[in-house]
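Hi there,

Here is the structure I promised to pass on. Please have a look at it first, and then read on for what turned up when I went through it.

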Amino acid sequence: MTEFEPKKLSCPCCEAEFETRLVTGFRIGDKDADFCPRYLDGNPLPDFLHVCPECGFVGFEADYRNMDETKVKRVGTLLAGFHWQKNQSLGGAERYRRAALIGIYTGKRSAEVADLYLQATWCSRMEGENDDDQKGARRKAVKYFELAMAAEEFSPDDLPVVHYLLGELNRRLGEDEKALRHFDKMDDLEKVDPWLIEWRDKQKALIK
Ligand SMILES: [Zn+2]
């Protein structure tokens, strides 16, 4: 069973207080080739992001604590564009897409933004949207992973996984050349886990 714990949060943008729930436990079976977890008791990802029912701010629990005045101002401009309706409900994919945008406005690192877009594609799939609906967020995940690499946000230990993911995400976007470049780049890296090479070879073989 996915486990939750009730939690009161106070919104950094509009100061509303509201009840939400924190995920305290979940179980994962396998993973898809783009690392989307196959949860055994339902998808807990939407519940990691908390939505303020008053103004539509979306963030992890820590985001509710780490907002200064400048960030609040920037997010306010963004939220105004969302035309939030009080108590509106948001699915997981939409939560992650909005959290990614808010992350960009509040100066999160590109790697964090990339991760939010990647998780948006996972939620989208688990919520039954078709692959075309996942593509926008997948393209953005690729863009922000590339920006993060250019900004040297990853440690050398992270690079095998990042190149693998960029290979797989590009493959899913039909960008075969880019996919192959990232998959092949893994051969130049030191210390790549054997299971990752195995996954790479399997996904690479799908490219004609
Ligand atoms: Zn709020």
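**Helix H4**

Helix H4 covers residues 110–126, and its 17 residues, at 1.5 Å each, should span 24 Å; the C-alpha atoms at its two ends are 24 Å apart, so expectation and model agree. Before going further, please keep in mind that this is a predicted model.

How much of H4 is buried? Of its 17 residues, 13 are, so the rest of the structure largely encloses this helix. Leu118 is one residue of helix H4, and it counts as buried because its relative accessibility is 2%, where the cut-off is under 20%. If you want a distance to check in your viewer, take the C-alpha atoms of Leu118 and Val192: they are separated by 22 Å, and the two residues are 74 apart along the chain. After the helix comes Gly128, which has a positive phi, near 85°.

**The E1–E2 hairpin**

Now to the beginning of the chain. Strand E1 (residues 3–10) and E2 run antiparallel and are joined by eight bridges. Two pairings are easy to look up: Phe4 stands opposite Val23 in E2, while Leu9 has Phe18 of E2 as its bridge partner. Together E1 and E2 make a hairpin with six residues between the strands, and in that turn Glu15 has a positive phi of about 70°.

**Cysteines**

As you work at the bench, you may wonder about disulfides. How many does the structure hold? The count is zero. As a reminder, a disulfide is a covalent bond between the sulfur atoms of two cysteines. Why does Cys13 not form one? The closest cysteine sulfur to that of Cys13 belongs to Cys11 and is 4.6 Å away, which is too far for a bond, given that the sulfur atoms would have to lie within 2.5 Å. As for their surroundings, Cys11 is buried, at a relative accessible area of 2%, whereas Cys13 is partly exposed, with a value of 23%.

**Two residues with positive phi in loops**

Two further residues that are not glycines have a positive phi. His83 is one of them, with a phi of about 50°. His83 sits in the loop that runs between helix H2 (69–82) and helix H3 (92–105). Is His83 buried or exposed? Its relative accessible area is 65%, so His83 counts as exposed, the cut-off being over 50%.

Lys191 is the other, with a phi near 55°. The loop between helix H7 (176–185) and H8 is where you will find Lys191. Lys191 is exposed too, at 71% relative accessibility.

**The pockets**

Lys191 also leads us to the largest pocket, which holds about 230 Å³ of space. Its lining has 13 residues, and those closest to the centre are Pro156, Asp157, Pro160, Glu190 and Lys191. Which elements each supply at least two residues of this lining? They are helix H6 (159–172) and helix H8 (194–204). H6 gives the most, with three residues. Sorted by class, the lining of the largest pocket has eight nonpolar and five charged residues, and no polar ones.

The second largest pocket contains about 190 Å³ of space. Here 14 residues form the lining, and Thr20, His50, Val51, Gln88 and Arg95 lie nearest the centre. Strand E2 (17–25) and strand E5 (50–51) are the elements that give two or more residues to this lining. E2, already met in the hairpin, gives the most, with four residues. By class, the lining of the second largest pocket is made up of five nonpolar, five polar and four charged residues.

That is what I have for now. Do write back if anything here is unclear.

Best wishes

Technical notes
Residues numbered from 1 in each chain as written. Predicted model: local features only at pLDDT ≥ 70, side-chain atom pairs only at ≥ 80, totals over all residues. Heavy atoms only, no water. 1 Å grid on protein atoms, 1.4 Å probe; cavity = no way out; pocket = protein on both sides within 12 Å on 5 of 7 lines; lining within 4 Å. Points joined across faces, edges and corners; volume = space filled by probe spheres on them. Nonpolar A, V, L, I, M, F, W, Y, C, P; charged D, E, K, R; others polar. Buried < 20%, exposed > 50% of the residue type's maximum accessible area, 1.4 Å probe, protein only. Expected span 1.5 Å × (residues − 1). Pairing = 2+ DSSP bridges.
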